[in-house]
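Visitor: Before we start, please show me the model. I would like to ask how its labels are justified.

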Amino acid sequence: MKPSPFDLSRRALLKTGAASLGLAAIAPMAAFAGSHSSRQPLRIPPLDPGQMVDGQRKFDLTVGHGEMAFFADLKTKTMGINGDYLGPVLRFRAGEKVQLNVSNTMEEATTLHWHGFNLPAAADGGPHQVVAPGGDWTAEFEVREKASTMWYHSHLMGKTADQVWAGVAGMILIDDEEADALNLPNNYGVDDFPVVLQDRAFNSYGQMPYRLNMHSRNMGMSGDVALVNGTVSPYLEVTTSLVRLRLLNGSNGSIYALGFEDGRTFSQIASDGGLLAAPAQTTMILLAPGERAEIVVDMSDQAPAMLRSFAQTGGSGGMMGGMGGMMRGNSPNHDFLELRPATSVSTSPALPATLADLPTPDQNAATNSRQFTLQMNGMGMMNAFTGGGFSINGKSMDPTYINEVVKMGETEVWQISNASMMAHPFHIHNTQFRILARNGATPAAGEAGRKDTVLVSPGETVHILIRFDHYSDDSLPYMYHCHILEHEDAGMMGQFVVV
Ligand code: C2O
Ligand code: CU
Ligand code: CU
């Protein structure tokens, strides 16, 4: 049996590391992280419901440097929001107005983007809403979304990947009356849990420097150490028969094929933008960077269950695209989270047979269409502006150029095609859309609901029905981009205004 990192003194670990400096430097950390005997309790981020002031729900968020003890007495340099690594889970209510006061205590600029929301462009928190070093920024908007799991993260031009890697991200929960009436598990930290899935590469000093090489530049940064809410090798003690996990792929570039080690069936109840029409029974969910899925796991058998990302290869050559959706990208093998039933487990109310009233997307409502082709030309080659051949419709991100002008309230069909050798999760700001077809076929149950990010495999074409209901601004744009953060930073991003 390998020693646990938590038993090791800093000196011993440094000594171990020193022997393996160089290419194999991350191996010792990864090996310790995988040791089953050393699982530690899952970190549950603090829940921040804000403060009601003058009819607005106010939040104070400070982005700053931190030092996180991922491994016992080793301090890893990080960034976080109101903490060392990641941020609090913000709880919003549909229909309310929120005010988010962001301050930046770092000597580098940052932004905070509210991923998944229809909001004014000035409140989006994208590359044009920079929070200067030592500066402040306030976003105000009405929560127009349904009950769902959203998130927030840095979106600084060219530096998103770097800052998210360091920890500038957090989850947002939205409640509404429709969901309240369903009696789903929603007691935060008791039967309803945030599950932020990431992987990180640590060096032998326990640090996770952000450094790209040819491989990570193309594939996105990843690492051997699986983290859930910033916890290495976590377990979660389960005290109810049904457990709701709000899964967020918060990694930079890894696609996860998620299921349980024992192959148990679970229910997906929500996609990115809210509840599905009915629970979808499945044994595996493919979750790409930026995507969320809420699942309910039945633990009444009282047996421990390991949430795992199963190793899969695919996403090259375009041939795998049609294979039932399970081979759409490369997925690494990670044991993310062990669910451990307590000695006594209380019985949860049964999952309802129907969840939300989801209108069937009506393609005939569309009055316009647009086409987006994702390209990686000359992998690893440099271009003057972004440093990579990553583009959409042949153009790399240019913050001074508006790629698309969309009319507010107009329904459109967007056709997204992948002409590259890698799978790309395509994300669009300021709306929740619906998938009409994936390579001509109706989407699987798990992605038939509201979405803001859709994985498009090599050779695939996805048609979505999209509309931007509120807010127009003819000068300030929103973004659409690949959510593999290295691709986004290298130029696989474009800008649109809603007029
Ligand atoms: Cu999750 Cu443009 O971002
Ligand atoms: Cu977004
Ligand atoms: Cu990409």
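Guide: This is a predicted model. One place to begin is burial: His 113 is buried, and His 427 is buried too.

Visitor: What makes His 113 and His 427 count as buried?

Guide: The label requires under 20% relative accessible area. His 113 and His 427 both carry the label, so each falls under that cut-off.

Visitor: Why are these two residues called donors of the copper ion (ligand 2)?

Guide: A donor is an N, O or S atom within 2.8 Å of the metal. The NE2 atoms of His 113 and His 427 lie 1.9 to 2.0 Å from the copper ion (ligand 2), so they qualify. The two come from distant parts of the chain, 314 residues apart: His 113 is in strand S8 (residues 113-115) and His 427 in strand S28 (residues 424-428).

Visitor: How do you know that the copper ion (ligand 3) has a sulfur donor as well as nitrogen donors?

Guide: Its protein donors are His 424 (ND1), Cys 482 (SG) and His 487 (ND1), at 2.0 to 2.1 Å. That range is within 2.8 Å, and SG is an S atom, so Cys 482 is counted alongside the two histidines. Along the chain the spacing reads H-x57-C-x4-H. His 424 in strand S28 and Cys 482 in strand S32 (residues 473-482) link distant parts of the chain, 58 residues apart. His 424 and Cys 482 are both buried.

Visitor: Why are S28 and S30 said to pair?

Guide: Pairing needs at least two bridges. S28 and S30 are joined by four and run antiparallel, so the condition is met. Across this pair, Phe 426 stands opposite Val 454 in S30.

Visitor: What makes strand S30 an edge strand?

Guide: Strand S30 (453-456) pairs on one side only, as does strand S26 (404-406). The open sheet has five strands in the order S26-S33-S32-S28-S30, with mixed pairing. On average, its neighbouring strands are turned by 30° against each other, direction ignored.

Visitor: Why is strand S7 called mostly covered?

Guide: Six of the eight residues in strand S7 (residues 97-104) are buried, so six are under 20% relative accessible area.

Visitor: How do you know which strands S7 pairs with?

Guide: Eight bridges join S7 to strand S4 (residues 56-71), running parallel. Seven join S7 to strand S9 (residues 136-142), running antiparallel. Pairing takes at least two bridges, so S4 and S9 both qualify as partners. Val 63 has Asn 104 in S7 as its bridge partner, and Leu 100 stands opposite Ala 139 in S9.

Terms used:
Residues numbered from 1 in each chain as written. Chains lettered and ligands numbered in written order. Predicted model: local features only at pLDDT ≥ 70, side-chain atom pairs only at ≥ 80, totals over all residues. Heavy atoms only, no water. Donors = N, O, S within 2.8 Å, 3.2 Å for Na, K, Ca; no water. Buried < 20%, exposed > 50% of the residue type's maximum accessible area, 1.4 Å probe, protein only. Axes fitted to C-alpha atoms, helices over the stretch in contact; angles between N-to-C directions.
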